[in-house]
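Colleague: I am new to reading structures of this kind. Could you take me through the one below, point by point?

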Amino acid sequence: MLFRGLFNQSKEIEFFRFSNLLSYISLGAISASIFLFFILGLNYGIDFRGGTMFMVSSTQKIKVSDIRNSLSGTILGDISISQATNPLETLSAGTFGSTDNIFIIKVEKTEGINVETKVKSLLKNSVPNIKFLQIESVGSKVSSELVRNGMLAVFFAVISVLVYIWLRFEWQFALGAVLALIHDVILTVGVFSILRYEFNLSIIAALLTIIGYSLNDTVVVFDRVRENLRNFKSLPLLKVLNLSINNTLSRTIMTSVTTLLALFALYFLGGDVIRGFTFAMIWGVLVGTYSSIFVAAKILLILNVKRDWDEKDSKAGTQF
Amino acid sequence: MPQLSFFRISLIATICLIALLFASPNFFYNTVDKKINSPSQPSPWPDFMPSTLVKLGLDLRGGVYMLLEVKTEDVIREKFDFLWTDIRSSLVKKRKELGAIRRLDSSTEQLKIEIGNLDSIDFAIREIEKFNSSTELFSSRWSGSVTRDVLEINSEDNIVTITFSTEHLTALEKQVIDQSLEIIRRRVDETGTREPTIQRQGRKRVLVQVPGLGSSEELISLLGKTAKLTFNEVVSMDTNSSFPAKMDEMVIGSEQNTDLFFLLKKRPVVSGENLTNAQPSFDENGLPAVSFSFNPSAALKFGNYTKENIGSPFAIVLDDVVISAPTIRSHIPGGSGIITGNFSVEESNRLAILLRSGALPAEIEVLELRTIGPELGRDSINAGKVAAIIGGFLVLVFMWLSYGLFGIFANVALMLNIILVMALLSVLGATLTLPGIAGIVLTIGMAVDANVLVFERIKEEIKRSSSIYNSINIGYEKALSSIVDANVTTMIAAVILFFFGSGPIKGFSVTLGLGIITSVFTALLITRLFIDAYILFYKPKVLRV
């Protein structure tokens, strides 16, 4: 078949040749992400910030300025208006035909007035044939809870993974895997900070899936490392790690490609509502694949996992 | 050589057939949906087939999602107000010993009373303790299990602090929430929507989901009002709100005229709890009104009151606003009447609904409100379908190109995998949301992982070992550890998402979790069956993976 033998390279790739350089790049990217997070912050959606979001459409051509004019001068607080546009959207736009006239309006939470009714009546008067596709309103009490739950979820995911890997492998593996996860999560937050994509509940879901995926990748490599450590007792750790990565490389590429194929289909055809989510996932698959090799394995190398495993020492990791 | 036992084949075949059977209604969604909704009409969908459809989430079918919080603290504050009135009138009689008494400002969950004479603090506490077993606190509305010591009384210097015991507080809160749930349910049912979901969430929250509702305004106007109706005696009215109000009197504004204020007796003559019916109607001038009737005991009370007060006005108070204050023109014996006000037909309809369903025991606050129009839901389904089909197709082609015949085995397993997920979703009654569809698409991509792990191992073994069947056996054996680890870790993420996520996100975790289980099942059992059958029947000399 076409791709047969594509990954059957006989030569081993030396993954650790530039690994120091890549470590610095990773560290730099992490620092940059943290810096961006504190300087720029995230473009929080109403899930986390509170407020009201309107998704409206009209059969007539309208402009952002039209909407802004009709809402300005009222007691509503901070308003942001954006157009939902994507040239490929038309492929999937279904009932809308095109997204030319779909707008997303976000209004800050204002105490004491009914934002929904107010905005609705204002827009109904000024924009002809307006349709309200979606209205979401989140109070400040709930939004702060959602932030807390989201952070807790990511935290618990990382902790449970730490425990699981620890039980199944050795502590060096667990640390390597978890640092790789933290690397992925921080870089994802960083990319959301710089691209100003909306950070909402579904991005938290994406983060957790990224954790699952990245770990999946890391574990497959580690599994092979453990096996090779037993098989090649005299081989230096660096060689064992490199061999293991090479052993699992075709699987890593295959699974990344199939997952990315599905994700790209979702990104381009799945509609506007989950585009942020799929973007995060695509980024996560790329970063997660990178981190299993260049972060997780590298840390294993630095920590110098103990080599005196033999068959009798059954306490060291539960082998299935 | 591989063994193909009858048991193995029939077990796998049965599981697949059952899955196909239960997933099938979803592939003819509209036909089956029509059959469910109008069972009397003839339908092309046969009766012997299962007709359970995957439940679509609000984000896919459109509707209103509402998270409400019941302000139980209001009820508690009200209880303390009543208690204070009672305690005060009892202590005032003992003023000689106690000195001046007054209520101090405090948080809502306690009542603080300052006693003028520090020496008689113990006497005051004994007096207050008499209220501990008082049933006054629990008007018929709160009847239920009344525990004895409902009050906890503490003192510091000359200040007595009264709180409700924790058990009582919990019981009280539960009663308020239960009653609110019931009333919210009645009101939502009045809108005539199909299958609303109303459930308690956390300590004092209620989640209302109404599919198919295009706008939340109607729902808000129905749920936003407590609809506490009382008929009160009017002491006086004025355009100035600064009445010298006595202990048992209160000042309330008017709905029709913002410049008009009423001084009313606090204790109502009769109240909305005693209504047996309320219907929209019209008054003698043809203006919209609401007609009502009382139960017999309230009818008697109301009759007596009207008989004694002919010529003087009485106030109809709804949610602390006087909606009208008619003058009693004659004795009203039957216990029925009409409420007039500045109603539109719509408002009188709504008021009738509110009065019929009863007053909410406490105010409710809307914490979260999401309205999804039906068009957006339809569009999301279509987009999700297209993405799933295209994404799935790409993965199938890629697998075929990469692994040839074995790729096709994996592809059949992948399709069975999707069918299994659909069947499980239908049978478990789980809700499919847009992120849920994303979960399925993601599963399509990740489901092949287990197969890939096995195939890659087999490849390695072929290079190394001699026999074809041995390579396959060892390939499966060695890949198992990786498959387990890889899927357990993703499962951890899915489970955590399920517990922390809300609404649509939960839907994602469900499809992701189910997808993991089914993908391991299909990879380890179904693909293996195909491979074994292939080896057994074709006896290939060379294995090309």
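Colleague: How many residues does the contact take from each chain?
Modeller: This is a predicted model, in which local features need pLDDT of at least 70 and side-chain atom pairs count only at pLDDT 80 or more, while totals for chains, interfaces and linings use all residues. Residues are numbered from 1 along each chain as its sequence is written, and chains are lettered from A and ligands numbered from 1 in the order in which they are written. Two residues are in contact if their C-beta atoms, placed from the backbone, lie within 7 Å. The contact takes 66 residues from chain A and 60 residues from chain B.

Colleague: Which element gives the most to the side of chain B that touches chain A?
Modeller: Helices (H or I, at least four residues) and strands (E, at least two) are DSSP runs, numbered from the N terminus. On the side of chain B that touches chain A, β18 (364–372), α11 (374–403), α13 (434–464), α14 and α15 (504–538) each supply at least two residues. The element that gives the most, with 18 residues, is α11(B).

Colleague: How are α7(A) and α14(B) oriented to each other, roughly parallel or roughly antiparallel?
Modeller: Axes are lines fitted to C-alpha atoms, for helices over the stretch in contact, and angles run from 0 to 180 degrees between N-to-C directions. Helix α7 (residues 201–231) of chain A and helix α14 (residues 468–500) of chain B have axes that come within 8 Å and cross at roughly 165 degrees. Angles under 35 degrees count as roughly parallel, over 145 as roughly antiparallel, 65 to 115 as roughly perpendicular and the rest as oblique. The two helices, α7(A) and α14(B), are therefore roughly antiparallel.

Colleague: How do α11(B) and α13(B) lie, roughly parallel or roughly antiparallel?
Modeller: Residues of α11(B), including B:Gly384, B:Ala388 and B:Gly391, meet residues of α13(B), among them B:Ile437, B:Val441 and B:Ile444. The axes of α11(B) and α13(B) are 9 Å apart, and the helices pack at an angle of about 10 degrees. That angle makes α11(B) and α13(B) roughly parallel.

Colleague: What is the orientation of α5(A) to α6(A)?
Modeller: Among the residues that meet are A:Val158 and A:Leu162 in α5(A), and A:Ala174 and A:Leu181 in α6(A). The axes of helix α5 (residues 140–168) and helix α6 (residues 171–195) of chain A come within 8 Å and cross at roughly 155 degrees. That makes the orientation of α5(A) to α6(A) roughly antiparallel.

Colleague: How many Å apart are the C-alpha centres of domain 1 and domain 3 of chain B?
Modeller: Domain bounds come from an automatic or database domain assignment. In chain B they give domain 1 (6–61 + 375–538), domain 2 (72–170) and domain 3 (229–370). Between the C-alpha centres of domain 1 and domain 3 of chain B, the distance is 61 Å.

Colleague: What percentage of the residues of chain A count as buried?
Modeller: A residue is buried if 20 or more other C-beta atoms lie within 10 Å of its own, exposed if 12 or fewer, and partly exposed in between, with C-beta atoms placed from the backbone. Chain A has nine helices and six strands. In chain B, buried residues make up 41% of the 545 residues. For the 320 residues of chain A, the buried share is 47%.
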